[in-house]
Amino acid sequence: AFKYTARILLGGYSLTTVVLLTNLLISIFSKTYETDYDESQQLWQIQCYKLIKESENHFVVPLAPLNAIYSLYKALRILITRLFKDSENDKEDGGNDEDSTEWYVRELDEFEHKEHVGHEEEE
């Protein structure tokens, strides 16, 4: 009787262990997937933002004479925008010259670099 009882208990213990370990593995994979998904969404938003900012800097007029006119327009637009931003920044924060867009792009670049270095270390 002891022989059969020991086998039944061992079988039950083994079955319970396998079920619990499988459940633990699924939960670990689920957490890893959620983390990777969140990071990939953030990275996608960063790359989308950079692509949009890059496309803003390209010339839209292909003809040479018109291209010069467009370049002049864009330069004046940037100059006027910066003049107004600088005067507003001086009033608001005491002269902080850092552009929030440039700061955001720099932060995104640092994040991408950290992600790239982190993936190289894993391999």
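Me: What is pLDDT, and what is its mean for the protein?
Reply: pLDDT is the predictor's confidence in each residue, on a scale from 0 to 100. You need it here since this model is predicted. The mean for the protein is 77, and 70% of its residues reach 70 or more.

Me: Okay, and where is confidence lowest, and where is it highest?
Reply: Go helix by helix. Helix α3 (residues 100-122) has the lowest confidence, with a mean of 66. The highest is in α1, at 88.

Me: How many helices and strands does the protein have?
Reply: Count the elements, then read off their order. You'll find three helices and zero strands, and from the N terminus the order is α-α-α.

Me: How do I read burial, and what share of the residues count as buried?
Reply: The idea is to look at relative accessible area: under 20% is buried, over 50% is exposed, and anything in between is partly exposed. Of the 123 residues in this protein, 5% count as buried. As for total surface, the protein exposes about 10900 Å², and 63% of that is supplied by carbon and sulfur atoms.

Me: What about ring pairs? How many aromatic pairs does a search of the whole structure find?
Reply: Just one aromatic pair turns up. The partners are Y33 and Y37, with 6.1 Å from centre to centre and 25 degrees between the planes. Planes under 30 degrees apart count as stacked, so this pair is stacked.

Me: Where do Y33 and Y37 lie?
Reply: Both are in helix α1 (residues 2-56). They sit four residues apart, about one turn of the helix.

Me: Why does Y33 count as exposed, and why does Y37 count as partly exposed?
Reply: Use the burial cut-offs again. Y33 has 56% relative accessibility, so it counts as exposed. Y37 has 43%, so Y37 counts as partly exposed.

Me: Last one: which residues form a nonpolar patch on the surface?
Reply: Look for nonpolar side chains that share a stretch of surface. Here they are L72, L76, L79, I80, L83 and F84, with about 620 Å² of accessible area together. Take I80 as one of them: I80 is in helix α2 (residues 64-93). Its relative accessibility is 44%, which means that I80 counts as partly exposed.

Key. Residues numbered from 1 in each chain as written. Predicted model: local features only at pLDDT ≥ 70, side-chain atom pairs only at ≥ 80, totals over all residues. Heavy atoms only, no water. Phe/Tyr/Trp six-rings, centres within 6.5 Å; stacked < 30°, edge-to-face > 60°. Helix = DSSP H or I, 4+ residues; strand = E, 2+ residues; numbered from the N terminus. Buried < 20%, exposed > 50% of the residue type's maximum accessible area, 1.4 Å probe, protein only. Patch = residues over 30% accessible without salt bridge, like charges linked within 9 Å, V, L, I, M, F, W, Y side chains within 5 Å. Areas by Shrake-Rupley, 256 points an atom, 1.4 Å probe, with all protein chains shown as cover. Salt bridge = Lys/Arg side-chain N within 4 Å of Asp/Glu carboxyl O.
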